[in-house]
Amino acid sequence: MGNLIKVLTRDIDNNGGNFFLDFENAQPSQSETEVWEKVNQVLTEAQVILEDLQAYRGAGEEIRQAIQNPSVEGVQEKAWSAVVPLVIKLKTFYEFSQKLETSLQCLLDVLTSSSSTPTQHLEQKQALARQFAHILHFTLRFDELKMTNPAIQNDFSYYRRTISRMRINNLSVSNEVNNELANRMSLFYASATPMLKTLSDATSKFVSDHPEVPIENTTDCLSTMASVCKVMLDTPEYRSRFASEETVLFCLRVMVGVIILYDHVHPAGAFVKTSNIDMKGCIRVLKEQPPSSVEGLLNALRYTTKHLNDETTSKQIKNMLQQN
């Protein structure tokens, strides 16, 4: 990401203080180390997951041949041999989503505790705030890659159809993915943005499982993180510190991720006038980028938020998010 220091404006009305949040170089203090090490293991694996997903080519040709030649055993075996390793990879992706969920909840547990304000937590626990940003960055990147790769659902559908046919014919069945796991994987991959849905559900569950923590602790943490990204992207003197365009995309993904989480957790959502997130400003920043780099992020706001189509959402915001 290059040498980067991001400024965080606590409040979009400038009623709060400013402080520097180093998303690139922040190192854990002694009090952060235990959580940081757990989450760091997951983030290290996240890079491998992204590389594997980016390299995922699917078994489209083998499946086509198998469908066209249903009685040729050799063709069927070739398709099956191609699909099984891919399904094991899809299983790994799904199981990783559960690790990501646990990591997110570990970070929220620290960043929303009542011992300090959400702003103080982000300022004083910068290494954990940085990890939170990297989880969101991974999530949006994973979903962008998944959305543009129809082979994933095609391969898994073929696997399930073949397994079903083998059971009917009393043939021995691969036990790599049992029926219950296959059902859960189907639900996961049926979502347009499966990792984002996992994080949204995990954040909502965190709030419901911790009634002793005021919901504002969580929503303020999310809205504050959205503000830091918007300010950095919107202010030339800060943006000029970015060493590469990848840093811009990093901020955009994190901003969209926290907006979606906020919209799922806050009772009124992110789009209402009283929201702590400057939605018009955030959408404007997105639309100022090259369309090819932000279309997936705009679609995430259009289709994975909870309150966009509510009556309380202004027509201006709805119009800004309409597809051209």
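A salt bridge, for these notes, is a side-chain nitrogen of Lys or Arg within 4 Å of a carboxyl oxygen of Asp or Glu. I'm working on a predicted model, where local features need pLDDT of at least 70, side-chain atom pairs count only at pLDDT 80 or more, and totals for chains, interfaces and linings use all residues. Residues are numbered from 1 along each chain as its sequence is written, and side-chain values use heavy atoms, with hydrogens and water left out.

**Entry 1: the two domains**

I looked up the domain assignment, which gives domain 1 as 31-204 and domain 2 as 214-323; such bounds come from an automatic or database assignment. I get 24 Å between their C-alpha centres. On contact (heavy atoms within 4.5 Å), I find 23 residues from domain 1 and 23 residues from domain 2 taking part.

Next I checked the area. About 2,000 Å² is buried between domain 1 and domain 2, with 76% of it on carbon and sulfur atoms. Buried area here is the accessible area (1.4 Å probe) that two parts lose on being put together, summed over both.

**Entry 2: polar links across the interface**

How many salt bridges are there between domain 1 and domain 2? I count 1. I also have glutamate 144 in a salt bridge with arginine 253, the closest N and O atoms being 3.1 Å apart.

I then ran the polar contact rule: a pair of N or O atoms within 3.5 Å, where within protein one must be able to donate a hydrogen and the other to accept it, and residues adjacent in sequence count only if both atoms are side-chain atoms. It finds 3 residue pairs across the interface of domain 1 and domain 2, both residues at pLDDT 80 or more.

For the side of domain 1 that touches domain 2, helices H4 (118-124), H5 (126-147) and H8 (194-209) each supply at least two residues. H5 gives the most, with 10 residues. Helices are DSSP runs (H or I, at least four residues), numbered from the N terminus.

**Entry 3: H12 and valine 265**

I listed the buried residues (under 20% relative accessible area, 1.4 Å probe, protein chains only) of helix H12, residues 279-287: Met279, Gly281, Cys282, Ile283, Val285 and Leu286. They pack against H9 (215-234), H11 (245-265), H13 (291-304) and H14 (315-320).

Is valine 265 buried or exposed? I have valine 265 in helix H11, and it is buried, with a relative accessible area of 9%. Leaving aside neighbours within four places in sequence, valine 265 is in contact with Thr203, Ser204, Val207, Ile215, Thr218 and Thr219.

Conventions:
Buried means under 20% relative accessible area, exposed over 50%, partly exposed in between (1.4 Å probe, protein chains only).
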